[in-house]
Amino acid sequence: MARGIDYQHSPAFFVRGPSAFARLVFFAALSLSLMATDSRLHYLNEIRLGFVALFQPLQSLANLPSNVMQNTQEYFVTHDNLLKKNQQLTKQALLDSVQLQRLNSLESENSHLRSLLGAAQNSKQEAKLGEILHMGRDPFTHKVVVDLGSQEGIVEGQAVIDGAGVIGQVTRVYPFSSEVTLITDKELAIPVQIERNGLRAIAFGHGRDTTIDLPYLPANVDIRKGDKLVTSGIDGVYPTGLAVAEITKVERNPNSPFADIVGVPVAGIKNHRQLLMLSLPKVDEFRKSAIKQLASSPSEKTEKPEAAAKTDTPTVAPKKP
Amino acid sequence: MRIIRLKTIYLTLLAAFLCYLLPWSGAALVARPDFMLLALLYWILRAPQFTNIGTAWFAGVLIDLASGSLFGQNALAYAVTAFFAVTYQRRLVLFNIWQQSAYVFVLLILNQATLAVLKLFAGGESPGWSYFIPCVSGIILWQFVIFSSISIETHAKKA
């Protein structure tokens, strides 16, 4: 019955190994050096990947109860609900198809105009549908873990979106899962443009709230409450024109040279389980081909200088003889 | 006295790790008690000859791997907490159950505070008071241990 503190090995007064303080010092030094190695030298990424792959069975075991619950809930959805949802989706699909028809004609028109101008074509980015496994475990960061990993061809830096707008970017890839940093995370910045007037800016996650900030914009900047932010696409990661956020607060403090601008992301990260992971645009291959072209035909190049007037082409301006 | 096997300890720690790996989200994520630390403290206070600062450190490394945070952050916080747990472990016999839970509560807060300091140094944003909710939920969980049949018996409890 007695479950006292266990003294089954008769307390050895002298054979207790190193003292507690010595152990603390040893392990503290060990973890400090680990932290330094991890944050400054990035040697430990492979080790981390290996261990996370080892954890995979444990992780799926931990996910099992909630998955089972979700599946049973989905199984018992009422007929009425399904019908309603179906109706709603059909209506949505109809509306979208109208938009899509216009988009197709606009796209062909756009590519035609671009070819007339001699500008480079916008490349299409492929997307993969992923599912959120769980939220990040660290309350200091805004992250989610998605069920697609390097086995499915996910690489670091990919943009992640949902039906409403940009969610974030892939920051760490494991074999069977990947970690997506949300745009509300303090570490993530995203180049944006204001839809109304085309003003470019960079939005940073706020960190504590689920908002994003637009710092370093002058106090007289033309931004109003309700303005919509879209991706500007000059980073070469996010496609142009995806919705990012809506401005909810613009404060101009006379003491500060910068305006205090806050926006709320439009993507509903809390609402869905599915999200789309866009593949990186093939900028590098485009550059390679552009450089080859430049090298092979310099004379043609001098006749049409606007052909090189694309932002992500390297500006190797050929010298006129 | 019941014999404690090393296997039992590691199975408990594994179970705590599984609890940690459950897909928590939203308010549950904020209020999630630190299962791993509670299991560690339990074994450090009850069977200090098996679990020590080293065990705590390795458990912390596991948590670091699973959470994707910087290597060694949780490990250091656990090691510091385990150090204070081990230092006053012998005095635990004199505590009554309320003193014991107060002691564990202080240890939980110490762990969160150490972790917060480490993350702030690593460049995190200060997380606000909700960051300390896991301590409260953790000590509530500890009450179940105290009033169950696996409680750590103290002399003061009998009196």
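## What covers helix 4 of chain B?

What covers the buried residues of helix 4 of chain B? Keep in mind as you look that this model is predicted. From chain A, the cover includes helix 1 (20-41) and helix 2 (45-75). From chain B, it includes helix 1 (6-21), helix 3 (35-46) and helix 5 (73-87).

## A closer look at helix 4

Helix 4 of chain B is mostly covered, with 11 of its 15 residues buried. Try finding some of them in the structure: among them are B:Ile53, B:Trp57, B:Leu62 and B:Asp64. B:Gly60 and B:Ala66 also belong to the buried group.

You can check the length of this helix too. Helix 4 takes in residues 53-67 of chain B, and at 1.5 Å a residue it should span 21 Å. Its end C-alpha atoms are 21 Å apart, so the two values agree. After helix 4 of chain B comes B:Gly68, which has a positive phi, near 75°.

## Chain A as a whole

Now turn to chain A, which has 5 helices and 12 strands. Of its 321 residues, 24% count as buried. Take the contacts in chain A between residues at least 6 apart in sequence: 56% of these join residues at least 24 apart.

## An unusual residue in a loop

Most residues other than glycine have a negative phi. A:Tyr216 is not a glycine, yet its phi is positive, about 60°. You will find A:Tyr216 in the loop between strand 8 (212-213) and strand 9 (228-231) of chain A.

Is A:Tyr216 buried or partly exposed? A:Tyr216 has 13 other C-beta atoms within 10 Å, so it counts as partly exposed.

Definitions and conventions:
Residues are numbered from 1 along each chain as its sequence is written. Chains are lettered from A and ligands numbered from 1 in the order in which they are written. This is a predicted model: local features need pLDDT of at least 70, side-chain atom pairs count only at pLDDT 80 or more; totals for chains, interfaces and linings use all residues. Helices (H or I, at least four residues) and strands (E, at least two) are DSSP runs, numbered from the N terminus. The expected span of a helix is 1.5 Å times one less than its number of residues. A residue is buried if 20 or more other C-beta atoms lie within 10 Å of its own, exposed if 12 or fewer, and partly exposed in between; C-beta atoms are placed from the backbone. Two residues are in contact if their C-beta atoms, placed from the backbone, lie within 7 Å.
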